[in-house]
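Hi,

Here is the structure I promised to pass on. Have a look at it first, and my notes on what I found follow below.

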Amino acid sequence: MRMPPEVNKHVQVAGTGSALPERIMTNAELSRMVDTSDEWIVERTGIRQRHIAGEDESTASLAWQASVRALEAAGMQASDLDLIVVATTTPDLVFPSTACLLQAKLGIENHCPAFDVQAVCSGFVYALATADNFIRAGQARTALVVGAETMSRITDWTDRSNCILWGDGAGAVVLRAAEEPGILGTVLHADGRYRDLLHVEAGVSSGLDKSRAVRMQGNAVFRFAVNTLDQIVDETLTRFGLQKSDVSWLVPHQANIRIIQATAKKLGMSMDRVVLTVDQHANTSAASIPLALDTAVRDGRIRPGDVLLMEAFGGGFTWGSALIRWTQQGGA
Ligand SMILES: CC(C)(COP(=O)(O)OP(=O)(O)OC[C@H]1O[C@@H](n2cnc3c(N)ncnc32)[C@H](O)[C@@H]1OP(=O)(O)O)[C@@H](O)C(=O)NCCC(=O)NCCS
């Protein structure tokens, strides 16, 4: 690892990338597996389809594809990286971390630190905040931040209130130290008292033979998410001195279109200023924000100078946000 001599003033996103499994599962296909319908799923969640990892795909392989694309967009080599942080709830292995598996797949031999962050659906915002602080503290000048999941592997395909929600995929961003912002700030929170509302029973220490399917009290989680995201929007804008009208794009965690609509309403934003991918990707947990971001960067909606508000809520409970002034992609 190269040791930068001093703290860095600002951090910019230099490139984005994403990856989705080829296999698509539509609501029609799901309705042949459980007692549901396309109409019900679209009305209650906004989801129309999800991508499902094949046998030869994993969280690490999706993370690798997304990372290669992000590095290419940034005009950088894997060997330029000083840090790798992967947000995931569905790692390939108990250990090594998915970040270490990714480092090996990328062929990096420079000994840069690599570790996973576990904050479920808020994972990407947590990982972004971590890497941002590493760079600001002068412990790195570049970082690869990835959200990658194979949620299909912890889905109970017989539970209709739950299996309709999840999808697989990965998204990545390359960060670099810069003279101008960049990332304007991040806000993170957690409240560990709500495990019963959203959790997976199986675990290394509590028993790998227990159920490994996501269990959720959907209605209660929904209400908690809307209220919490409502508050974090205010907190974020106040802390970093911006008005609602300063936000060009909302890039939310893609859990449910009704949760996203409530946040957009709170911001006084019309839905055409919201990056929506929940219809195509479903809830890909830590991957959903970087997947949405990469979609809107590549189709030209997000442009230099735009202010992006990212927000997420997930198991834990965890929640967080990031404010970013978008800058030119590619080499500095
Ligand atoms: C899961 C979720 C879509 C369920 O929608 P809901 O409007 O809350 O629905 P409810 O759970 O109140 O169930 C309403 C009825 O629909 C039924 N139902 C549940 N899933 C169904 C399905 N897939 N198809 C048809 N009917 C379904 C229920 O059995 C219930 O029937 P009943 O009234 O006869 O008992 C919604 O609660 C949600 O999205 N919650 C947030 C989940 C989330 O985002 N979690 C991740 C956070 S990161």
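Pro 96 sits in the loop that links strand S4 (84-87) to helix H4 (98-105). The peptide bond between Phe 95 and Pro 96 is cis, with omega at about 0°. Before you zoom in further, please keep in mind that this is a predicted model. The mean pLDDT of the chain is 96, and 98% of its residues reach 70 or more. Confidence is highest in S4, at 99, and lowest in helix H8 (residues 257-267), at a mean of 95.

Staying with Pro 96 for a moment, one of its contacts is Leu 101, a residue of helix H4. Leu 101 also touches Ala 60 and Asp 92, leaving aside neighbours within four places in sequence. Is Leu 101 buried or exposed? Leu 101 is buried, because 23 other C-beta atoms lie within 10 Å, and 20 or more count as buried. If you want a sense of distance, the C-alpha atoms of Leu 101 and Ser 161 are 33 Å apart, with their positions 60 residues apart along the chain.

There is a second cis peptide bond to look at, from Gly 316 to Phe 317, with omega near -10°. Phe 317 belongs to the loop between S12 and S13. Those two strands form a hairpin with three residues between them, and Gly 316 in the turn has a positive phi of about 145°.

Now to the strands themselves. S12 and S13 run antiparallel and are joined by eight bridges, with Gly 314 opposite Thr 318 of S13. Strand S8 (residues 183-190) also runs antiparallel to S13, through seven bridges, and here Ala 190 stands opposite Thr 318.

Why is S13 described as largely enclosed by the rest of the structure? Eight of the eight residues of S13 (residues 318-325) are buried, so the rest of the structure largely encloses this strand. In a regular strand, side chains alternate between the two faces of the sheet. In S13, Thr 318, Gly 320, Ala 322 and Ile 324 point one way, while Trp 319, Ser 321, Leu 323 and Arg 325 point the other way, and all are buried.

Next, the ligand, which may be what you open first. It is surrounded by 20 residues, and the closest are Thr 36, Cys 121, Gly 218, Phe 222 and Ala 255. Helix H2 (38-45), helix H6 (160-163), helix H7 (218-239) and strand S12 (307-314) are the elements that give two or more residues to this shell. Which of them gives the most to the shell around the ligand? That is H7, with five residues. By class, the shell has ten nonpolar, eight polar and two charged residues.

Two backbone angles are also worth a look. Most residues other than glycine have a negative phi. Ala 282 has a positive phi, near 60°, and so does Ser 285, at about 55°. Ala 282 lies in the loop between helix H9 (278-281) and helix H10 (288-298), and Ser 285 is found in the loop between H9 and H10 too. Ala 282 is buried, with 31 other C-beta atoms within 10 Å. Ser 285 is buried as well, with 35.

Finally, the interior. The largest nonpolar core has 104 residues, and those with the most contacts inside it are Ala 143, Val 145 and Val 146. Not counting residues up to four places away in sequence, Val 146 touches Ala 63, Ala 66, Ser 67, Val 86, Ala 87, Leu 102, Ala 170 and Ala 172.

Val 11, in strand S1 (residues 10-19), is another residue to click on. Val 11 is buried, with 26 other C-beta atoms within 10 Å. Its C-alpha is 8.8 Å from that of Thr 142, although the two are 131 residues apart in sequence. Beyond residues up to four places away in sequence, the contacts of Val 11 are Asp 132, Ile 135, Arg 136, Leu 175, Ala 177, Ala 178, Gly 182 and Ile 183.

Best wishes

Terms used. Residues are numbered from 1 along each chain as its sequence is written. This is a predicted model: local features need pLDDT of at least 70, side-chain atom pairs count only at pLDDT 80 or more; totals for chains, interfaces and linings use all residues. A residue is near a molecule or strand if its C-beta atom, placed from the backbone, lies within 6 Å of it. Helices (H or I, at least four residues) and strands (E, at least two) are DSSP runs, numbered from the N terminus. Ala, Val, Leu, Ile, Met, Phe, Trp, Tyr, Cys and Pro count as nonpolar, Asp, Glu, Lys and Arg as charged, and the others, Gly among them, as polar. A residue is buried if 20 or more other C-beta atoms lie within 10 Å of its own, exposed if 12 or fewer, and partly exposed in between; C-beta atoms are placed from the backbone. Two strands pair if DSSP finds at least two bridges between them. A nonpolar core is a set of buried Ala, Val, Leu, Ile, Met, Phe, Trp, Tyr and Cys residues joined through C-beta atoms within 7 Å. Two residues are in contact if their C-beta atoms, placed from the backbone, lie within 7 Å. pLDDT is the predictor's confidence in each residue, from 0 to 100.
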